[in-house]
Structure formats: C-alpha cells, structure tokens
Amino acid sequence: MEPTGRPVHKDDASISLKHLCALLIKEINTDSLQNLPVNIYHEVTARIETLRGHSKEFAAEEQIAKAQIELLFSAIRLLFEARYAKIEASRKADLRDTRENELGMIDYSNMTREEKFVLDGSLETEKRIEMILSAILTGRPVVLDKISNMLSHKRVPVRFIKPIDRFMGIDMVTYGPYVEEDIVLLPSENARALTQNGFAEEIQILAP
C-alpha cells in the first residue's frame, strides 16, 4: 500500500469509491438484495462531511475534494437506486398476487434503515390510493369529503428564501408579509404553491 501522508482510519476501506463500485456491480448483477453493511449510507455521508469540512490550503486540494464528493455521491446514489428498484419491483409483483402481506417477497432483513424509511412512505402512499379508490367504488363521498377537509386543515412549516407580500391562504386567512429566513406554518396547498414558485422551501420534520 502506498503511503498517503495521513493516518489510515479503519473505516476508510468500507467507504472508498472502489468498494462502493464493487457493491454497485454486485447489486446490478444479482436478482435479490445483497446484505450491505447496515451503516453504509451513514458512512458515506460522514465521509462527504469530512471532505466538505476539511480546510484546503490550495485550490487543487479543493478541486480534488469536490471531485471525490461527486464520485462518492454518484456511486452511492446508483447503489440506492438499483436496490430500491428491486424493492419496488418485488412489492408491486407481490401486491398483484396477494394483499395480505404488504412486504411479501421483499427481503426486509437485507434492507438498510434508510431504505426501510423510504419503503414506509411508499406503503403509506399505496394505502391512500386504496382508500380513495375504495371510497369511489363503494359510493362513499363522505370519505372523500373527510380527505379534502384533512388536506385543507393540514399545516406545514416552510422557510422563505425570497420576500413576499401579504397573501390570502386557502383557509381565507391573511398571511405575511415575509422576508428571507422567516419560518412559518402555512396551509399545505399554499406551501406547495410557494415552494413551486421558488419563494419558500418546505421544512421536513421526521416523526420519532
């Protein structure tokens, strides 16, 4: 091994670009989910944090660190996408066969925490679709009314990135004016419109 001029940490090998590429190739060439190190995404994230935070004395060092970050991110993103494509394909195939077990053929034990988090969101979306279709099929407009009412009362936190004048919310309440960095709770429909138009960004709050 060639000297690198810095101490070698025990986690370096597990988060190297070469190792990530090897995992990616293996994932693409297998039908089932391979058993990844449980902290693989966290380790790559921590490595990128280190690369971003390390002081660069020369411009060349900064460019090298930037290139490393881009390559590491590209590799881990492709790995995640390859794995989640398998998860979605297995879930949809199994849902065509049976509605009794939502996870069915998915190898849940080989999924990382981050993949399970995304899957939970997909399953929730599937449930909401079923709820709407079931209400339509069984002729229960009261269910759709409740869904509409829940949506109109939903509030989401946003952070303004551009100033904006006063405006009327869908709840007929006047909001604003706001300036950059203001954080407020807004009706979800208004928050979505402001986000799409580049005035604000939604603040994600993870449930415990």
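# Exercises on a predicted chain

Helix 4 (residues 113–137) and helix 5 (residues 141–153) pack with their axes 8 Å apart, at an angle of about 145°. Axes here are lines fitted to C-alpha atoms, for helices over the stretch in contact, and angles run from 0 to 180 degrees between N-to-C directions. The model is predicted, so local features need pLDDT of at least 70 and side-chain atom pairs count only at pLDDT 80 or more, while totals for chains, interfaces and linings use all residues. Residues are numbered from 1 along each chain as its sequence is written, and side-chain values use heavy atoms, with hydrogens and water left out.

## Exercise 1: Get an overview

Task: find out how many helices and strands the chain has, and in which pattern they follow one another.

Solution. Start with the rule: helices (H or I, at least four residues) and strands (E, at least two) are DSSP runs, numbered from the N terminus. The chain comes to 6 helices and 5 strands. Along the sequence they read α-α-α-α-α-β-β-β-β-α-β.

Next, take burial, where buried means under 20% relative accessible area, exposed over 50%, and partly exposed in between (1.4 Å probe, protein chains only). Of the 208 residues in the chain, 28% are buried. The chain exposes about 14,600 Å², and carbon and sulfur atoms supply 58% of that area; accessible areas come from the Shrake-Rupley method with a 1.4 Å probe, and for residues only the protein chains shown count as cover.

Finally, look at contacts, meaning heavy atoms within 4.5 Å. Among contacts between residues at least 6 apart in sequence, 59% join residues at least 24 apart.

## Exercise 2: Look between two helices

Task: which residues of helix 4 meet which residues of helix 5, and what are their classes?

Solution. From helix 4, pick out Met131, Ile132, Ala135 and Ile136; they meet Val143, Leu144 and Ile147 in helix 5. Sorted by class, this contact has 7 nonpolar, no polar and no charged residues. The classes are as follows: Ala, Val, Leu, Ile, Met, Phe, Trp, Tyr, Cys and Pro count as nonpolar, Asp, Glu, Lys and Arg as charged, and the others, Gly among them, as polar.

## Exercise 3: Follow the rings

Task: count the aromatic pairs, then describe how Phe80 and Tyr84 are arranged.

Solution. Rings of Phe, Tyr and Trp (its six-membered ring) pair if their centres lie within 6.5 Å; planes under 30 degrees apart count as stacked, over 60 as edge-to-face and the rest as tilted. By this rule there are 5 aromatic pairs. Phe80 and Tyr84 make a stacked one, at 5.9 Å centre to centre with 5° between the planes. Both residues belong to helix 3 (residues 59–97), 4 residues apart, or about one turn of the helix. Phe80 is partly exposed because its relative accessibility is 22%, whereas Tyr84 counts as buried because its value is 11%.

Elsewhere, ring pairs join Phe160, Phe167, Tyr175 and Tyr178 into a cluster. There is also a charge to find: the charged end of Lys162 sits over the ring of Phe199, 5.8 Å from its centre. That label applies if NZ of Lys or CZ of Arg is within 6 Å of the ring centre and within 35 degrees of the ring normal.

## Exercise 4: Trace two buried residues

Task: what do Tyr41 and Ser122 contact, leaving aside neighbours within four places in sequence?

Solution. Begin with Tyr41 in helix 2, which is buried at a relative accessible area of 9%. Tyr41 contacts Leu36, Ile76, Phe80, Arg83, Thr112, Glu114 and Glu115. Tyr41 and Ile76 are 35 residues apart in sequence, yet their C-alpha atoms are 7.4 Å apart in space.

Then move to Ser122 in helix 4, buried at 16%. Ser122 contacts Tyr84, Glu88 and Arg91.

## Exercise 5: Spot unusual backbone

Task: where is the cis peptide bond, and what is phi of Met172 and of Glu181?

Solution. Keep a background point in mind: most residues other than glycine have a negative phi, and most peptide bonds are trans. The bond from Gly176 to Pro177 is cis, with omega near 0°. Pro177 lies in the loop between strand 3 (174–175) and strand 4 (183–187). Glu181 is in the loop between strand 3 and strand 4, and its phi is positive, near 80°. Met172, in the loop between strand 2 (167–168) and strand 3, has a positive phi near 65°. Met172 is exposed, with a relative accessible area of 64%.
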